[in-house]
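Please open the model in your viewer and keep the sequence panel beside it. The stops below are arranged so that each selection leads on to the next.

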Amino acid sequence: MCGRFTFHANARALADYFDVADAPDLEARYNIAPTQLVPVLREDQHGARRVALVRWGLIPFWAKDAKIGSRLINARAETLAAKASFKHAFRRRRCLVLASGFYEWQRRSGGKVPMYVSDPSGRPYAFAALWERWRDPGQETLESCVIVTVPANDALAAVHDRMPALLDDSEIALWLAPESSAAACQAVLTPAPNAVTGFWPVSRRVNDPAHEGRDLLEEADPADLTGPS
C-alpha cells in the first residue's frame, strides 16, 4: 500500500517531466497523509495537462457520507474494474498523483521501520490514480482521489508486498487519455522496473503526520530503529 508520500518538485520540473500547462509552484511537503490535499495531474476538456489539489481518500459519487474516503486511500489494480467504489472512476476519471518519493514500512524483529523510496535520478513519480467529484447534502463539491497499487517489484518485495503503480511517459499519455479503453489502462498497471527505485530507513518521526520537514528523508541511525515502533 501507500500511506505516506512526499512532494517537492518545482513548477519547472512539472513542466519538463510531465508537460504541464501553467505548472504551479506548490509548497514542498515531506509527510503527506490521507485526507490531506495532494497534487494530481489531469487533462482538461482541451487535452491540456493541469495540476489540481484534491483530497486523498476517494469519496464515490454515490456515497452518503464523506467519511468513506478515509478508508479508500489505495485501490488494488487487480480489482479496479469490478469494485463499486472504483469502477466508475476507472472508466471516466483517471489521473496521476505526483510525488517525489513515498514511504513504506518494513516489518523487522524490533517493529516496523519506515523506509523512504525515491528515484535515484531525482525524477518525480507519477502514481496511477483515480478521482471523483462528490456533493454533500449542502451541495458543496469535494474532489478526492485514490492511489492505485500493484504487487511490489523484486527490489521492494523485501520491504512491502505492494507499491504504487508508477507510470512512465508513454503510459502516462495512455492513462490520462479519455478515449483509452479499460483493457489498455489495466495493461499498464504493473510493478515498475527495479532500476527506478532506491530506498533507505528513516526516522520513525514520519509515523506522526504532524511532523514535517526535509530532515525526515535523512537516513536513520540504526540505534534509533532497534526499539518497538
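The tour begins with the whole chain and then turns to rings, charges, a pocket and three loop residues.

**The whole chain**

Display the chain as a cartoon, bearing in mind that this is a predicted model. Four helices and 12 strands make up its secondary structure. The radius of gyration is 17 Å, close to the 17 Å that the globule rule gives for 229 residues, so the chain is as compact as a globular protein of that length. Along the principal axes, the C-alpha trace spans about 50 × 40 × 35 Å. Colouring by accessibility is useful here, since 52% of the 229 residues count as buried.

**Aromatic rings**

Next, show the side chains of Phe, Tyr and Trp. How many aromatic pairs does a search of the whole structure find? The search finds 10. Select Tyr103 and Trp105 as one of these pairs: the ring centres are 6.4 Å apart and the planes meet at 45°, a tilted arrangement.

Keep Tyr103 selected and add Tyr116. The centres of these two rings lie 5.0 Å apart with 50° between the planes, so this pair is tilted. Which strands does the pair connect? Tyr103 belongs to strand E7 (residues 101-108) and Tyr116 to strand E8 (residues 111-118), so the contact ties together parts that are 13 residues apart in sequence. Tyr103 has 0% relative accessibility and therefore counts as buried. Tyr116 is buried as well, with a relative accessible area of 2%.

Now select Phe5, Trp56, Phe102, Tyr125 and Phe127, which ring pairs link into a cluster.

**Charges over rings**

Move to Arg42 and Trp131. The charged end of Arg42 sits over the ring of Trp131, at 4.2 Å from the ring centre. Then select Arg94 and Trp175, where Arg94 lies over the face of the Trp175 ring, 6.0 Å from its centre.

**The largest pocket**

Keep Arg94 in view and add Glu43, Arg92, Leu176 and Pro178. Of the 14 residues that line the largest pocket, these five, Arg94 included, lie nearest its centre. The space in this pocket is about 290 Å³. To see what surrounds the pocket, highlight strand E3 (37-43), helix H2 (87-92), strand E9 (125-135) and helix H3 (169-176), the elements that each give two or more residues to the lining. What is the division of the lining into nonpolar, polar and charged residues? Four are nonpolar, one is polar and nine are charged.

**Three loop residues**

Select Leu80, in the loop between strand E5 (74-76) and H2. Is Leu80 buried or exposed? Its relative accessibility is 0%, so Leu80 counts as buried.

From Leu80, draw a distance to Asp19: the two are 61 residues apart in sequence and 27 Å apart in space, C-alpha to C-alpha. Asp19 is in the loop between helix H1 (11-18) and strand E2 (29-32). With a relative accessible area of 57%, Asp19 is exposed. Its backbone also merits inspection, as phi of Asp19 is near 55°, a positive value in a residue other than glycine.

Finish at Thr35, located in the loop between E2 and E3. Thr35 has a positive phi of about 80° although it is not a glycine. The relative accessible area of Thr35 is 41%, so this residue is partly exposed.

Terms used
Residues numbered from 1 in each chain as written. Predicted model: local features only at pLDDT ≥ 70, side-chain atom pairs only at ≥ 80, totals over all residues. Heavy atoms only, no water. Phe/Tyr/Trp six-rings, centres within 6.5 Å; stacked < 30°, edge-to-face > 60°. Buried < 20%, exposed > 50% of the residue type's maximum accessible area, 1.4 Å probe, protein only. Lys NZ or Arg CZ within 6 Å of the ring centre and 35° of its normal. 1 Å grid on protein atoms, 1.4 Å probe; cavity = no way out; pocket = protein on both sides within 12 Å on 5 of 7 lines; lining within 4 Å. Points joined across faces, edges and corners; volume = space filled by probe spheres on them. Nonpolar A, V, L, I, M, F, W, Y, C, P; charged D, E, K, R; others polar. Rg over C-alpha atoms; globule rule 2.2 N^0.38 Å.
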